[in-house]
Amino acid sequence: MVVGVQMAALGVRTAPDTLLGSCGTNPGLTCQLVWDLSHNRHASVLTSEFLNGPVHLLLRVLFVVLLALVIQVIVHRVINRLTERATHSLLPNLRGGAAAARRAPARLAGRRRRTSGSEADVPDAATLGAAAARGVVTDSAVEAGQGVINGAAAQAERALVDERRKQRVRALGSILRSIASITIFSIASVVILGDLGINLAPLLASAGVVGIAIGFGAQSMVRDYLAGIFMLVEDQYGVGDVISIGDATGTVENVTLRVTRLRDVSGIVWHIRNGSIEQVGNESQGWARAVIDFPVPYEVDLTELRSLLSDVAEELWDDPVWRVVLLDPPEVWGAQEISSDGVTMRIVAKTAPLRQWEVERELRARVKAALAAAGIHPAPSESQA
């Protein structure tokens, strides 16, 4: 009996080792490589138990990470290509009187260049101003020079609109890239945790509960980010615009998805959460309007006064320096208010964005000079009388 047991044990020890016996029915690359090199059962078993599994898991993790990086690069390239294509698309058509006022002189200047054979025949703004001062400028030269000025103004306005569109599209592209990266690596993290043998059901349930708790606790932050996204999509305002939000009016210095920072005329910096903005007034989007109200005595003939103001408006429109910032000829709207002290007259001018204040100052100076030359002075108020 003892001899049989010894022989059986001896027979087991002397049985030849095999690859399947050492590495199992599904041998890995590392275990098979060790068996091929050593034909040692113990080395193969150690390799299969302590090296083959971790290396295989590590390779799977590296593959998932590498795949996520490749997908991220592809998605980012697609988003970048779409944003660059959007920034180089056609500019929005200029609407209103600005386009109509500029097209005809610009076409006239273009025809003069083609017929004369040289652009030197068309005077620039400096030459036109000097000739006007000497009184030797002709009507055709004025029209050609104004065409050059109007063409330069239209080109500058298109460049401003183009740069604003580029900033807006690139900001949206940055948001899309961030969202894509978060989504890709979140999916990759879930796959890696599943390969590590972690039960994802409790983890996802816990993450859902935590997400709901954070959603209830950070409602204002979520509202800020959503408002910032809609603000960018709808192009409500951007850096450099002059806006009014509640009691704060100033120039926008920085815009993020959560906070808008602007500086008022006194130098005070205002930080305003996007979610708290109920309404916003943009004073520099598209075009602006200079509005001049001034009182005149009640006895003044309004017909003659309108003729005088029309001459002032025409002189400002014909000035090459101010023609660049004016989009339409200034208009005399007439009597705005009548009181016991006199009549309030109004004259307006459509200007380029953020240029209305300097046009208002120039119009006030010209109107004052014209009224003084005509002997018209404001009537004294009741307190002065």
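Start by selecting Asp319 and Arg366: their side chains meet in a salt bridge, 2.9 Å from N to O. This contact joins distant parts of the chain, since Asp319 sits in the loop between α10 and α11 (320-323) while Arg366 belongs to helix α12, 47 residues apart. Keep in mind throughout the tour that you are looking at a predicted model.

**Along helix α12**

Stay on helix α12 and pick Glu360 and Arg364, which lie 4 residues apart, about one turn of the helix. Their side chains form another salt bridge, at 3.6 Å from N to O. Is Glu360 buried or exposed? Glu360 is buried, because its relative accessible area of 13% falls under the 20% cut-off. Its partner Arg364 is partly exposed, with a relative accessible area of 43%.

Now select Val359. Beyond the neighbours within four places in sequence, Val359 is in contact with Ala290, Leu316, Trp322, Val325, Leu326, Ala349 and Thr351.

**The nonpolar cores**

Val359 is also a good way into the largest nonpolar core, which has 25 residues; Phe294, Leu305 and Val359 have the most contacts inside it. To see where this core comes from, colour β6 (288-296), α10 (302-318), β8 (343-351) and α12 (356-373), the elements that each give two or more residues to it. Helix α10 supplies the largest share, 6 residues. A second, separate core of 11 residues can be found by selecting Ile243, Val252, Leu262 and Ile277, which are among its members. In soluble globular proteins, nonpolar side chains tend to be buried together.

**The sheet and its helices**

Next, show the strands alone. You should find an open sheet of 3 strands in the order β6-β8-β7, with antiparallel pairing. Which strands stand at the edges? They are β6 and β7 (331-338); each has a single partner strand, so one side of each is left without a neighbour in the sheet. On average, neighbouring strands here are turned by 25° against each other, direction ignored.

Zoom in on β7 and β8, which pair in the antiparallel sense over 6 bridges. Within this part of the view, select Ile338 and look for its bridge partner in β8, Val343.

Bring the helices back. Helix α10 lies across β6, β7 and β8, running at about 25° to β8. Helix α12 packs on the sheet too, touching β6 and β8, and its direction makes about 30° with that of β6.

**Charged pairs on the strands and beyond**

Select Arg346 and Asp293, whose side chains meet in a salt bridge at 2.7 Å, N to O. This pair also links distant parts of the chain: Arg346 is in strand β8 and Asp293 in strand β6, 53 residues apart. Arg346 counts as buried at 17% relative accessibility, whereas Asp293 is partly exposed, with a relative accessible area of 39%.

For a group rather than a pair, select Glu253, Arg261 and Arg263, which are linked in a network of salt bridges. The count for the model comes to 8 salt bridges.

**Last stop: Gln72**

Finally, move to helix α4 (residues 41-87) and select Gln72. Gln72 is buried, with a relative accessible area of 16%. Which residues does Gln72 contact, leaving aside its neighbours within four places in sequence? They are Ser181, Ile184 and Phe185. If you place a C-alpha to C-alpha distance between Gln72 and Phe185, the value is 8.7 Å, although the two are 113 residues apart in sequence.

Terms used: Residues numbered from 1 in each chain as written. Predicted model: local features only at pLDDT ≥ 70, side-chain atom pairs only at ≥ 80, totals over all residues. Heavy atoms only, no water. Buried < 20%, exposed > 50% of the residue type's maximum accessible area, 1.4 Å probe, protein only. Contact = heavy atoms within 4.5 Å. Core = buried A, V, L, I, M, F, W, Y, C linked by side-chain atoms within 4.5 Å. Pairing = 2+ DSSP bridges. Axes fitted to C-alpha atoms, helices over the stretch in contact; angles between N-to-C directions. Salt bridge = Lys/Arg side-chain N within 4 Å of Asp/Glu carboxyl O.
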